[in-house]
Amino acid sequence: MATKSDELKLDIEELNTLLQQATRSKVKDMLTLEIRRLQTEVAKLIDENKEVCLKSVNSSVDSTPKCYEVKLNNYGWDQTNSVVKIYVQLKNVHTLPNKDITCKYTEKSMDLYIFGLDNKNYHLPINNLCEDIDTEKSYVKIKTDMIIVYLAKKLPKNWSHVTGVEKRIKEAKTPLVPDMGDDPGTSLVNLMKKMYQDGDDEMKKTIAKAWTENQQKTAAGLSGFDF
């Protein structure tokens with residue numbers, strides 16, 4: 001359906017046609033004045049339409065709800081031989097389009113972003129991972145009310161913790177030398193087991209040799225470890 005400005009433009013075109021055909025000066029003047037009047041009216045209508053459109057856009061922008069930033073700290077985790085799985089529970093997160101859920105990776109960190117969930121933008125940063133990850137093979141899965149981040153291990157080894165900080169805190173709380181208590185022999189064996197687990201190849205070789213010699217001495221009725 002033609003608008004008022006469209007109708008006026010058609011009138012102007014027809015008046016211009018008549019102006020070209022007119023021969024009398026007075027008629028030409030009258031047509032010229034009418035054409036200018038209509039052109040002014042068209043210009044006014046265009047300006048009014050622009051103003052209405054601008055108000056509509058501003059109103060739409062103002063009515064858009066603001067999103068608040070929320071930093072996540074709580075998550076669950078487990079692991080397989082090849083991946084560490086990070087579990088994040090958020091109600092209705094599965095209703096978001098995939099483009100609003102993204103995760104960025106480095107070899108030692110991950111940053112999970114969830115945009116526009118109940119007018120909130122969520123962020124879960126995990127830095128200083130316990131071990132290196134393969135950024136190309138890491139990915140995200142969306143479940144009902146849950147996001148699972150799959151961190152692909154670079155090496156198929158067991159992670160004691162998610163982050164290196166957690167690991168160091170745990171180690172700092174663990175005494176290097178166990179309490180001998182009432183049974184020094186048992187405590188000494190436990191200490192050697194820990195040294196074997198944490199030691200390098202040379203340490204493991206030395207402990208294995210000492211253990212073998214101890215077993216031989218015990219079988220012969222001699223004393224235990226000789227330090």
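Trainee: In what order do the four strands of the open sheet stand, and is the pairing parallel or antiparallel?

Mentor: In this predicted model, the order is β2-β3-β8-β7, and the strands pair in antiparallel fashion. From one strand to the next, the twist averages 20°.

Trainee: What makes β2 and β7 stand at the edges?

Mentor: β2 (76-79) and β7 (139-143) each have a single partner strand, so one side of each is left without a neighbour in the sheet.

Trainee: How do you know that β7 and β8 pair?

Mentor: Pairing requires at least two bridges between the strands, and five bridges join β7 to β8, which run antiparallel; the two strands therefore satisfy the criterion. Within these strands, K143 stands opposite M146 of β8.

Trainee: Why is C103 called buried, and why is C67 called partly exposed?

Mentor: Buried means under 20% relative accessible area, and partly exposed lies between that value and 50%. C103, with 12%, is therefore buried, whereas C67, at 36%, counts as partly exposed. As for disulfides, the structure holds zero.

Trainee: Which residues touch the most other members of the largest nonpolar core?

Mentor: Of its 25 residues, these are I86, M110, L112, I114, V149 and L151. At least two residues of this core come from each of β3 (83-89), β4 (101-106), β5 (109-117), β6 (120-126) and β8 (146-152), and β5 gives the most, with four residues. Leaving aside residues up to four places away in sequence, I86 touches several residues, including W77, M110, V149 and L151. Apart from this core lies another, of nine residues, among them I12, L38, V42 and L45.

Note on methods: Residues numbered from 1 in each chain as written. Predicted model: local features only at pLDDT ≥ 70, side-chain atom pairs only at ≥ 80, totals over all residues. Heavy atoms only, no water. Core = buried A, V, L, I, M, F, W, Y, C linked by side-chain atoms within 4.5 Å. Buried < 20%, exposed > 50% of the residue type's maximum accessible area, 1.4 Å probe, protein only. Contact = heavy atoms within 4.5 Å. Disulfide = S-S within 2.5 Å. Axes fitted to C-alpha atoms, helices over the stretch in contact; angles between N-to-C directions.
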